[in-house]
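Q: I'm new to this structure and would like a close look at a single part of it. Could you walk me through one small sheet and what sits around it?

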Amino acid sequence: MSFLEPYIPNKERLSQRKSDLTMSLRTDWVFKLISLLTAIILYAYVQTERNPTIQRSFNISVTPTNLPEGIDYEMDTQAISLTFTGQKSVLEGVKETDIKALADMHRLSLDAKSAQSILLQIQIPSLSAQAMKGLSFDPPTPYIKVQIFQPTVKTLAVTALYPQKPPVGFRYGTPEVQPTKVRLIGRAEKINRITRLVVNAQPSGTGAKIDGEFTVQARDNEDRPVEGIQMEPNAVRVVVP
């Protein structure tokens with residue numbers, strides 16, 4: 001027998017040690033996993049208590065963007081209601097005026113006869129991109145209905161209105177209007193209401209002649225203004241000597 005034999009582990013001892021090591025690793029792994037899960041739960045609990053998740057509702061005005069020139073439209077609503085969910089520290093500082101609901105009119109089909117749906121883009125410029133990711137809102141896909149009206153074109157002469165009683169010792173000459181006609185573009189029902197175009201020309205001072213650029217106004221047959229149309233040009237020069 002060798003004198004080293006007592007110190008050399010036999011197969012049974014090696015097997016036992018291996019078994020003990022395996023059991024120890026398994027036991028440590030379970031404890032580590034339990035500790036990790038406990039830490040996560042405690043962290044989430046503390047964060048929830050310090051910065052809980054809240055909900056806030058806002059009534060947001062819809063802003064149309066990228067509207068093709070000369071196109072008239074009607075939205076089925078001027079504002080939408082949204083309920084935001086997020087961390088208290090983020091939502092508490094948000095005001096209703098901070099939120100933008102943008103309707104991109106460029107996505108509309110100008111040939112459509114019926115109302116079209118537009119998905120609104122919800123933006124809060126005062127918040128960072130990271131803060132926005134932590135927010136959700138209901139409904140998650142807000143949209144509005146938009147009706148497009150094909151433009152009608154009409155050309156009318158401009159009538160110059162000016163004081164009929166000049167200062168004592170003066171008289172007005174024949175008014176000159178340049179250009180004499182203005183092109184109207186807009187919704188047919190509005191264009192058809194217009195019966196005349198006028199400008200209110202006023203002298204710059206007592207005894208002075210009338211000479212300047214004056215804004216054109218569209219009137220109906222009851223002399224009421226007609227709004228929401230495009231005029232080319234929207235002002236004319238009037239000279240009354």
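A: Here is a walk through one sheet, one residue in it, and then the cores. Keep in mind that this is a predicted model.

Let's start with the sheet. It's an open one with three strands, in the order β10-β16-β13, and the pairing is antiparallel. β10 (176-178) and β13 (210-215) sit at the edges with a single partner strand each, so one side of each has no neighbour in the sheet. Going from one strand to the next, the twist averages 20°.

Now zoom in on β13. Its antiparallel link to β16 (residues 235-240) is made of six bridges. Gly212 is part of strand β13, and across from it in β16 stands Val238. Those two are 26 residues apart along the chain, yet their C-alpha atoms are separated by 5.7 Å. If you skip the neighbours within four places in sequence, Gly212 touches Val236, Arg237 and Val238. Is Gly212 buried or exposed? Its relative accessibility is 17%, so Gly212 counts as buried, the cut-off being under 20%.

What about the cores? The largest nonpolar one has 26 residues, and Ile60, Phe84 and Leu120 are among those with the most contacts inside it. Elements giving two or more residues to this core include β1 (53-65), β3 (79-87) and β8 (143-149). Apart from that core lies another, of 23 residues, and this one includes Val177, Val216, Met231 and Val236. You've met Val236 already: it is one of the contacts of Gly212.

Methods:
Residues numbered from 1 in each chain as written. Predicted model: local features only at pLDDT ≥ 70, side-chain atom pairs only at ≥ 80, totals over all residues. Heavy atoms only, no water. Pairing = 2+ DSSP bridges. Helix = DSSP H or I, 4+ residues; strand = E, 2+ residues; numbered from the N terminus. Axes fitted to C-alpha atoms, helices over the stretch in contact; angles between N-to-C directions. Buried < 20%, exposed > 50% of the residue type's maximum accessible area, 1.4 Å probe, protein only. Contact = heavy atoms within 4.5 Å. Core = buried A, V, L, I, M, F, W, Y, C linked by side-chain atoms within 4.5 Å.
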